[in-house]
Amino acid sequence: MIPHSDILKGAEKYMRVRKNDVHIPISYSYAMKLTESYPEADKDVVGAAIILHDIGWYSIDEDDIFKKGFQSKNFMKSDVRYLHESEGMRLGAEVLKELGYDEEFIEKVCYIIDGHDTRDFARSLEDKIVRDADKLWRFTVTGVSVACDWFKQTPSTYCNRLETDIIPLLDLPESKEMATADLAETRTTLCTDIL
Ligand SMILES: [Fe+2]
Ligand SMILES: [Fe+2]
């Protein structure tokens, strides 16, 4: 199997938007951490899917990404959300094909990218890991500082939202544990009880 570093490199040209070049490496490390608790999961599929799931944002105007995809009413079902998923499948398949992956592997990865934000259920264990890792990066200091700007909130308000809205969406018990521990650390570091 081709190493994940080659997929990262292959996707690099699509990653310089929406801080994907920060989100993706951090979420990738959470995904790999979760596979340690689930050795039966296909690590190659998980790795490729988490690296490629958001590269479709590349095809969308950056102003639209934030206004429609993050700050609008019902933003999780906005047009740009669906578009970044379909574009992610198209570009992701292109990256994997160039690296020599076969159709079967590409289909497995696209099956996870498809609807990763707009579906409210996971399709497989690999999908559960990817979906949770996609959210877990936000609990870090880096995740809070990047994402609170996307939603135009203070770090403290955003931390509260992570606790009330995002932790309940996590599928795996290991993810909930990591999220809770990371959030406590992030709150302490950012002095959210004061600021
Ligand atoms: Fe996404
Ligand atoms: Fe993501």
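Reader: At roughly what angle do the axes of α3 and α7 cross?

Author: In this predicted model, the two helices meet in a right-handed crossing, α3 passing α7. Their axes come within 9 Å of each other, and the angle at which they cross is roughly 35 degrees.

Reader: Which residues make the contact of α3 with α7, and how do they divide into nonpolar, polar and charged?

Author: From α3 the contact takes V45, V46, A49 and I50, while α7 brings E126, I129, V130, A133 and D134. Asp and Glu count as charged, and E126 and D134 of α7 are part of this contact. Sorted by class, the residues come to seven nonpolar, no polar and two charged.

Reader: Are α1 and α3 roughly parallel or roughly antiparallel to each other, and why?

Author: Helix α1, which covers residues 4-11, packs with α3 at an angle of about 20 degrees, and the two axes are 10 Å apart. Angles under 35 degrees count as roughly parallel, and α1 and α3 are therefore roughly parallel.

Reader: What is the handedness of the crossing in which α1 passes α3, and which residues make the contact?

Author: The crossing of α1 past α3 is right-handed. On the α3 side the contact is made by G47, A48, I51 and L52, and by class it holds six nonpolar, two polar and no charged residues. On the α1 side the residues in contact are H4, I7, L8 and A11.

Reader: Which helices do the buried residues of α2 pack against?

Author: Helix α2 runs over residues 20-37 and reaches 26 Å from its first C-alpha to its last, close to the 26 Å expected at 1.5 Å a residue. Its buried residues are N20, H23, I24, S27, Y28, Y30, A31 and L34. An α-helix has 3.6 residues a turn, so residues three or four places apart point the same way. The buried residues of α2 pack against α3 (43-52), α7 (125-136) and α10 (173-189).

Reader: Is R18 buried or exposed, and why?

Author: R18 has its place in the loop between α1 and α2, and its phi is positive, about 50 degrees, although R18 is not a glycine. A residue is buried if 20 or more other C-beta atoms lie within 10 Å of its own. Because R18 has 20 C-beta neighbours inside 10 Å, R18 counts as buried.

Reader: Is C191 buried or exposed, and why?

Author: C191 lies in the segment after α10 and, although not a glycine, has a positive phi of about 50 degrees. A residue with 12 or fewer other C-beta atoms within 10 Å is exposed. Because C191 has 10 of them within that distance, C191 is exposed.

Reader: What separates the C-alpha atoms of D6 and V95 in space?

Author: D6 has its place in helix α1, where, with 14 C-beta neighbours inside 10 Å, D6 counts as partly exposed. Along the chain D6 and V95 are 89 residues apart, whereas in space their C-alpha atoms are separated by 9.8 Å.

Reader: How far apart in space are Y111 and M89, C-alpha to C-alpha?

Author: Y111 belongs to helix α6, residues 103-113, and counts as partly exposed, with 16 C-beta neighbours inside 10 Å. In sequence Y111 and M89 are 22 residues apart, and in space the C-alpha to C-alpha distance between Y111 and M89 is 8.4 Å.

Definitions and conventions: Residues are numbered from 1 along each chain as its sequence is written. Chains are lettered from A and ligands numbered from 1 in the order in which they are written. This is a predicted model: local features need pLDDT of at least 70, side-chain atom pairs count only at pLDDT 80 or more; totals for chains, interfaces and linings use all residues. Helices (H or I, at least four residues) and strands (E, at least two) are DSSP runs, numbered from the N terminus. The expected span of a helix is 1.5 Å times one less than its number of residues. Two residues are in contact if their C-beta atoms, placed from the backbone, lie within 7 Å. Axes are lines fitted to C-alpha atoms, for helices over the stretch in contact, and angles run from 0 to 180 degrees between N-to-C directions. Angles under 35 degrees count as roughly parallel, over 145 as roughly antiparallel, 65 to 115 as roughly perpendicular and the rest as oblique. A crossing is left-handed if the near helix is turned anticlockwise from the far one by less than a right angle, and right-handed if clockwise.
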